[in-house]
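Please read these points with the model open beside you. They concern a ligand shell and two helices.

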Amino acid sequence: KLVSREFKADNTVIDVRGVKIGGEELAVMAGPCSVESLEQLRETAAAVKKAGAQFLRGGAFKPRTSPYDFQGLGEEGLKLLKQVGDEYDLRIITEIVDLNDVELVSEYADILQIGARNMQNFRLLQAVGHGSKPVMLKRGISATISEWLNAAEYIMSAGNDNVMLCERGIRTYETYTRNTLDLSAVVALKELTHLPVIVDPSHGTGRWQMVQPMARAGIAAGADGLIIEVHPHPEQALSDGDQSLKPEKFAELMQDVKKIAEIM
Ligand code: PEP
Ligand code: MN
């Protein structure tokens with residue numbers, strides 16, 4: 001298989017407009033769950049850039065559990081991401097939910113995110129596989145590592161080598177946390193595949209208090225980077241406020257993970 005270590009022994013390093021993912025440097029993607037406004041995005045971007053993140057995250061098309069919840073700003077959100085990313089020299093990662101949107105989202109984003117709910121949307125995987133934009137494939141909510149790697153294989157076999165994997169927690173019997181962050185998957189993936197591995201402790205726990213410790217643990221487990229939800233006013237967030245860090249807390253997290261990355 002194209003994703004396997006046997007096929008390719010050396011780690012894949014993905015160059016995103018000069019920022020490398022999977023190499024020596026830690027890649028950190030941070031920003032709100034949803035793009036809400038220019039002001040919100042600017043305030044967040046300024047803070048995460050200052051703290052050392054290289055990527056701005058933000059959802060424009062939101063796959064919400066309930067159809068009555070905020071669904072995102074759509075193309076307007078993509079425009080805001082691009083504008084603010086340019087202003088603060090941050091690369092953009094945002095989710096794509098529809099196979100007909102590859103061209104549209106690629107115009108604005110540097111990395112296409114495939115969300116947990118779409119991990120086995122094979123037509124969508126093939127559609128992003130036909131392009132060359134880097135793709136971050138999040139683990140399905142109840143996907144085994146083997147199913148996840150097969151999903152990545154769909155993208156690679158369609159022709160796109162720029163694939164990274166994101167552990168974002170899986171559903172278990174435990175309900176205290178939103179999901180169970182499976183950090184042993186990071187170690188397993190490092191054995192099985194050459195693709196970069198990112199950890200998402202925000203969706204992985206659902207609780208902001210747990211984000212910083214689990215971010216540290218993710219890097220200690222060998223992840224190449226992190227994706228973290230940050231909001232200037234989490235209590236006002238239109239989605240995922242409970243798991244969003246305030247900028248000050250995110251800056252602390254960055255100091256911690258840089259130290260851990262140095263000894264890895
Ligand atoms: C997100 O990153 O905001 C998101 C919806 O993540 P997931 O697909 O992991 O639930
Ligand atoms: Mn979210």
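The numbered points below refer to a predicted model.

1. Ligand surroundings. The residues around ligand 1 are C33, G59, P63, G115, A116, R117, K138, R168 and H203. Sorted by class, this shell holds three nonpolar, three polar and three charged residues.

2. Geometry of α5. Helix α5 runs over residues 145-157, 13 residues in total. From first to last C-alpha, α5 reaches 18 Å, close to the 18 Å expected at 1.5 Å a residue. Just after α5 comes G159, with a positive phi of about 120°.

3. Burial of α5. Which residues of α5 are buried? They are W148, L149, A151, A152, Y154, I155 and M156. The cover over these buried residues includes two helices, α4 (122-129) and α6 (184-192), and two strands, β7 (135-138) and β8 (163-167).

4. Burial of α6. In α6, the buried residues are A185, V186 and L189. Viewed down the axis of α6, these residues fall within an arc of 105°, so they line one face of the helix. On the face turned away from this buried side, α6 carries the exposed residues S184 and E191.

5. Packing of α6. What do the buried residues of α6 pack against? Their partners are α5, β8, β9 (197-199) and α8 (208-220). The α5 and α6 descriptions should be read together: α6 is among the elements covering the buried residues of α5, and α5 is one of the elements against which the buried residues of α6 pack. Strand β8 appears in both accounts, as part of the cover of α5 and as a packing partner of α6.

Methods: Residues numbered from 1 in each chain as written. Chains lettered and ligands numbered in written order. Predicted model: local features only at pLDDT ≥ 70, side-chain atom pairs only at ≥ 80, totals over all residues. Near = placed C-beta within 6 Å. Nonpolar A, V, L, I, M, F, W, Y, C, P; charged D, E, K, R; others polar. Helix = DSSP H or I, 4+ residues; strand = E, 2+ residues; numbered from the N terminus. Expected span 1.5 Å × (residues − 1). Buried ≥ 20, exposed ≤ 12 C-beta atoms within 10 Å, placed from the backbone. Contact = placed C-beta atoms within 7 Å. Arc of directions from axis to C-beta.
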